[in-house]
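Dear colleague,

I am passing on the structure we spoke about, and my notes on it follow below. Please read them with the coordinates open beside you.

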Amino acid sequence: MWAILIGAALIIGGLLFLFSSALLRKPSNPHQLPQGGTTLEPRRQGLRFLGLSHNWPALAVIAIGALLLAFGGYFEIPAAS
């Protein structure tokens, strides 16, 4: 039972760690587009924030949690009766 609870906590913690950069970022100020109009999109941000090099610690914690959830029941010690 403890392995399953620890696995669930690791998955939730890994997800929070993965999303922490978005959750802790200050709100953007609207700025003008060169084509006209306003947007809240950040300037000069590509897809590099989705890369594996930035997110590997969180993905490793999620993977360990998933393994504990999947195989946690096999590691339990049966209760003596």
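In this model, which is predicted, L18 is partly exposed, with a relative accessible area of 21%; because buried is taken to mean under 20%, L18 does not count as a buried residue at its 21%. The residue sits in helix α1, which covers residues 2–23. If its neighbours within four places in sequence are set aside, L18 is in contact with N55, A58 and I62. The C-alpha atoms of L18 and H54 are separated by 9.2 Å, although the two residues are 36 residues apart along the chain.

The partners of L18 lead on to helix α2, which runs over residues 52–71 and bends by about 35° at A58. The buried residues of this helix are N55, A58, I62 and G65, and what covers them includes α1. A58 therefore appears in three of these descriptions: as a contact of L18, as the place of the bend, and as one of the buried residues of α2, under the 20% cut-off.

Turning to the surface, I12 also lies in helix α1, but I12 is exposed, with a relative accessible area of 53%, a value that falls in the exposed class because that class begins over 50%. I12 belongs to a nonpolar patch on the surface, formed together with L15, L16, F19, L23 and L24, and the accessible area of these residues together is about 650 Å².

With best regards

Terms used: Residues are numbered from 1 along each chain as its sequence is written. This is a predicted model: local features need pLDDT of at least 70, side-chain atom pairs count only at pLDDT 80 or more; totals for chains, interfaces and linings use all residues. Side-chain values use heavy atoms; hydrogens and water are left out. Helices (H or I, at least four residues) and strands (E, at least two) are DSSP runs, numbered from the N terminus. Buried means under 20% relative accessible area, exposed over 50%, partly exposed in between (1.4 Å probe, protein chains only). Contact means heavy atoms within 4.5 Å. The bend at a residue is the angle between axes fitted to the seven residues ending there and the seven starting there. Patches are made of residues with over 30% relative accessible area and no salt bridge: like charges are joined within 9 Å, nonpolar side chains (Val, Leu, Ile, Met, Phe, Trp, Tyr) within 5 Å. Accessible areas come from the Shrake-Rupley method with a 1.4 Å probe; for residues, only the protein chains shown count as cover. A salt bridge is a side-chain nitrogen of Lys or Arg within 4 Å of a carboxyl oxygen of Asp or Glu.
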